[in-house]
Amino acid sequence: MRKFLVAGNWKMNGSSAANDALVAGITSGLTQSGSVEVLVCPPFPYLAAVAEQLRGSSVALGAQNVSEHASGAFTGEVSADMLVDIGCKYVIVGHSERRALYGESSEQVAEKFRAALNAGLTPVLCVGETLSERDSGRTEEVVAGQLAAVVALSGIASLASAVIAYEPVWAIGTGKVATPEQAQDVHKFIRGRLANENEDVAAAVQILYGGSMKGENAGGLLRMPDIDGGLIGGASLKSADFLAIVAAANEI
Ligand code: PEP
């Protein structure tokens, strides 16, 4: 039985003071009885402080990016071992903003995925199509290609230690959420694709939906059989908004 995972991607937002308030709001608002896994992914400079604040809570810490290299002359980069060292359990790889704005190819994302796994982090692998790709009927082809790069480098079994986030690019930060049916279709496709190679991995892997998820639309999405949680951008920046999504997951 897969658990729900609700993950906040804070992107390049926050400050020490704002993060303190946000984390305090999240940790104090979580109910003891909830079985939903909760994850926050602050920007690099705040990871250590947030790790300290989360100590003793059930909320996990993740980063938003990682280098594909282990160490050395890579100015400005952060390695997977460093993330583990300061208390991260997860790292987002292949977010569409990194693919689009920083030119990360699926091959590079696959290398980051491998680096994360090698260090003992759980990669949250983001996949998803743009609006023009959807409109031209290429959603499945695009998502399959993004997954295939990871499987080619790390093997299908590696996905047993990972999380997948389906994030249609047209729904990210736009307020245009995919309908539960649109999202479910792609989640089902992803799981089916994995099942062709390994049924156990396909059945176990958490597949999150991301793209304008909020308290008001979370229930409909999370009730879909192949949607196992959410990767949340905008609505992860206010504790009440984020907790509303956690609560929606706990109600299912
Ligand atoms: C995201 O960036 O991963 C995301 C889903 O953002 P938003 O919730 O703001 O659409």
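In the predicted model, the ligand is held in part by the protein backbone: an N or O atom of the Gly234 main chain lies 2.8 Å from a ligand oxygen atom. A second backbone contact involves Ser212, whose main-chain N or O atom is 2.7 Å from an oxygen atom of the ligand. The side chain of His95 also takes part, with an N or O atom placed 2.8 Å from an oxygen of the ligand. The protein buries 96% of the 290 Å² that the ligand exposes when taken alone.

The shell around the ligand comprises 14 residues, and the closest are Lys11, His95, Glu167, Gly173 and Ser212. By residue class, this shell divides into four nonpolar, eight polar and two charged residues.

Two of the closest residues, Lys11 and Ser212, were examined further with respect to backbone geometry and burial. Lys11 has a phi near 50°, a positive value in a residue other than glycine. Ser212 likewise shows a positive phi, of about 55°, although Ser212 is not a glycine. Each of these residues is placed in a loop: Lys11 in the loop between strand β1 (5–9) and helix α1 (16–29), and Ser212 in the loop between strand β7 (206–210) and helix α10 (215–222). The relative accessibility of Lys11 is 19%, and because buried means under 20%, Lys11 counts as buried. Ser212, with a relative accessible area of 14%, is also buried. Thus Ser212 combines a loop position, a positive phi and a backbone contact to a ligand oxygen.

Charged side chains were considered next. Side chains of opposite charge can pair when their charged atoms come close. The count in the model comes to nine salt bridges. One of them is formed by the side chains of Asp228 and Arg2, at an N to O distance of 2.9 Å. Asp228 lies in the loop between α10 and β8 (229–232), whereas Arg2 belongs to the segment before β1, so this pair ties together parts that are 226 residues apart in sequence. The partners fall into separate accessibility classes: Asp228 counts as buried at 5% relative accessibility, while Arg2, at 25%, counts as partly exposed.

A further salt bridge joins the side chains of Asp226 and Arg191, with 2.6 Å from N to O. This pair also links distant parts of the chain, since Asp226 is in the loop between α10 and β8 and Arg191 is in helix α8 (residues 180–197), 35 residues apart. Asp226 and Arg191 are both buried. Through salt bridges that share partners, Arg2, Arg191, Asp226 and Asp228 are joined into one network. The loop between α10 and β8 contributes Asp228 and Asp226 to this network.

Another salt bridge is found between the side chains of Arg55 and Glu52, with an N to O distance of 3.0 Å. Here Arg55 is exposed, with a relative accessible area of 62%, and Glu52 is partly exposed, with a value of 48%. The Arg55 and Glu52 pair thus contrasts in accessibility with the pair of Asp226 and Arg191, both of which are buried.

Key. Residues are numbered from 1 along each chain as its sequence is written. This is a predicted model: local features need pLDDT of at least 70, side-chain atom pairs count only at pLDDT 80 or more; totals for chains, interfaces and linings use all residues. Side-chain values use heavy atoms; hydrogens and water are left out. A residue is near a molecule or strand if one of its heavy atoms lies within 4 Å of it. A polar contact is a pair of N or O atoms within 3.5 Å; within protein, one must be able to donate a hydrogen and the other to accept it, and residues adjacent in sequence count only if both atoms are side-chain atoms. Accessible areas come from the Shrake-Rupley method with a 1.4 Å probe; for residues, only the protein chains shown count as cover. Ala, Val, Leu, Ile, Met, Phe, Trp, Tyr, Cys and Pro count as nonpolar, Asp, Glu, Lys and Arg as charged, and the others, Gly among them, as polar. Helices (H or I, at least four residues) and strands (E, at least two) are DSSP runs, numbered from the N terminus. Buried means under 20% relative accessible area, exposed over 50%, partly exposed in between (1.4 Å probe, protein chains only). A salt bridge is a side-chain nitrogen of Lys or Arg within 4 Å of a carboxyl oxygen of Asp or Glu.
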